[in-house]
Amino acid sequence: MPCLDRRDLGLLVLRVGTGAVLAAHGSQKLFGWFGGGGIEGTTAGMQAMGFHPPRHSAVAAGIGEAGSGALLALGLATPAAGAAAAGAMSAAVAVHAPAGFFAQGGGYEYPAFLGFTAAAIGLTGPGRYSLDHATYHLLNRPWIVALAFAGSAAGVVAVVGKRSRGLRRSAAEN
């Protein structure tokens with residue numbers, strides 16, 4: 001049995017902690033758990049924030065956070081999970097950016113931190129204590145890293161861009 005590697009142990013702690021936070025956050029959106037609004041409340045929130053269609057946006061945000069969080073915690077499909085979480089958090093950053101950086105004023109500090117952490121895990125890899133390692137990194141190949149992050153970036157540009165155009169249109173009408 002190989003000796004414990006502090007780096008692999010550190011990645012395990014970081015993956016499970018970050019994944020659990022993301023999964024809980026997404027579960028608030030999807031199921032109303034932990035004091036969340038569920039799909040209906042999240043849909044109303046998405047509409048108020050300028051995301052269209054709001055229900056699809058609510059489902060995508062919930063699945064993006066809960067699903068990527070669960071996958072990160074397990075260390076399964078780590079590049080795709082990290083990219084999906086980073087993408088979901090990028091949209092949250094766009095929403096909170098007008099309030100500045102710090103979370104205490106409604107800023108983007110918290111989603112930025114989660115997004116950067118998830119991206120770093122997706123790029124670094126899951127470590128030995130992961131399902132990716134147990135499956136011989138079948139879903140953790142260099143081409144998957146590139147494809148996952150490129151796809152996530154394209155999705156963020158499309159979603160955040162559509163939201164920005166809608167907000168500008170609404171402001172011009174008022």
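**Exercise 1. The lining of the largest pocket**

Task: In this predicted model, determine how the residues of the lining of the largest pocket divide into nonpolar, polar and charged.

Solution. Step 1: The lining of the largest pocket consists of 29 residues. Step 2: Sorted by class, these residues comprise 18 nonpolar, 9 polar and 2 charged. Step 3: The residues that lie nearest the centre of the pocket are Ala61, Glu65, Ala88, Ala91 and Ala92. Under the classification used, Ala counts as nonpolar and Glu as charged. Step 4: The space in this pocket amounts to about 640 Å³.

**Exercise 2. The helices around the pocket**

Task: State which helices each supply at least two residues of the lining of the largest pocket, and identify the source of the largest share.

Solution. Step 1: The helices that meet the condition of at least two residues are H1 (6-31), H2 (38-48), H3 (54-74), H4 (78-96), H5 (109-124) and H7 (142-173). Step 2: The largest share of the lining is that of H4, which contributes 10 residues.

**Exercise 3. The overall fold**

Task: Describe the secondary structure of the protein, and decide how its radius of gyration stands against the globule rule.

Solution. Step 1: The protein has 7 helices and 0 strands. Step 2: Along the sequence, this gives the pattern α-α-α-α-α-α-α. Step 3: The radius of gyration is 17 Å, and the globule rule gives 16 Å for 174 residues; the two values are close, so the protein is as compact as a globular protein of that length. Step 4: Taken along the principal axes, the box filled by the C-alpha atoms is roughly 65 × 35 × 25 Å.

**Exercise 4. Burial, contacts and surface**

Task: Find what percentage of the residues in the protein is buried, and what percentage of the accessible surface belongs to carbon and sulfur atoms.

Solution. Step 1: Of the 174 residues, 40% are buried. Step 2: The accessible surface is about 9,500 Å², and carbon and sulfur atoms account for 70% of this area. Step 3: Contacts complete the description: when residues at least 6 apart in sequence are considered, 64% of the contacts join residues at least 24 apart.

**Exercise 5. Backbone features in the loops**

Task: Locate the cis peptide bond that involves Pro53, and establish where Phe34 and Tyr136 lie.

Solution. Step 1: The cis peptide bond joins His52 and Pro53, with omega at about -5°. Pro53 belongs to the loop between H2 and H3. Step 2: Phe34 is not a glycine, yet its phi is positive, near 55°. Its position is the loop between H1 and H2. Step 3: Exposed means over 50% relative accessible area; Phe34, at 60%, therefore counts as exposed. Step 4: Tyr136 likewise has a positive phi near 55° in a residue other than glycine. This residue is in the loop between helix H6 (131-134) and H7. Step 5: Because its relative accessible area is 70%, Tyr136 is exposed.

**Exercise 6. Two residues of helix H4**

Task: Decide whether Gly82 and Ala83 are buried or exposed, and list what each touches beyond four places in sequence.

Solution. Step 1: Gly82 and Ala83 both lie in helix H4. Step 2: Buried means under 20% relative accessible area. Gly82, at 0%, is therefore buried, and Ala83, at 1%, is buried too. Step 3: Leaving aside neighbours within four places in sequence, Gly82 is in contact with Leu72, Ala118, Ala119, Gly122 and Phe149. Step 4: With residues up to four places away not counted, Ala83 touches Ala148, Phe149 and Ser152. Phe149 thus appears in the list for Gly82 and in the list for Ala83. Step 5: Ala83 and Val145 are 62 residues apart in sequence, while their C-alpha atoms are 8.2 Å apart.

**Exercise 7. Two residues of helix H7**

Task: Classify Gly161 and Trp143 as buried or exposed, and give the C-alpha separation of Gly161 from Ala94 and of Trp143 from Pro79.

Solution. Step 1: Helix H7 contains Gly161 as well as Trp143. Step 2: Gly161 has a relative accessible area of 17%, so this residue is buried. Trp143, at 57%, counts as exposed. Step 3: Gly161 and Ala94 are 67 residues apart along the chain, and 9.9 Å separates their C-alpha atoms. Step 4: Trp143 and Pro79 are 64 residues apart along the chain, with a C-alpha separation of 9.7 Å.

How values were computed:
Residues are numbered from 1 along each chain as its sequence is written. This is a predicted model: local features need pLDDT of at least 70, side-chain atom pairs count only at pLDDT 80 or more; totals for chains, interfaces and linings use all residues. Side-chain values use heavy atoms; hydrogens and water are left out. On a 1 Å grid over the protein atoms alone, a cavity is a set of points where a 1.4 Å probe fits but cannot get out, and a pocket is an open set with protein on both sides within 12 Å along at least five of seven lines; lining residues have an atom within 4 Å of a point. Grid points are joined across faces, edges and corners, and a volume is the space filled by probe spheres set on the points. Helices (H or I, at least four residues) and strands (E, at least two) are DSSP runs, numbered from the N terminus. The radius of gyration is taken over C-alpha atoms; the globule rule is 2.2 Å times the number of residues to the power 0.38. Buried means under 20% relative accessible area, exposed over 50%, partly exposed in between (1.4 Å probe, protein chains only). Contact means heavy atoms within 4.5 Å. Accessible areas come from the Shrake-Rupley method with a 1.4 Å probe; for residues, only the protein chains shown count as cover.
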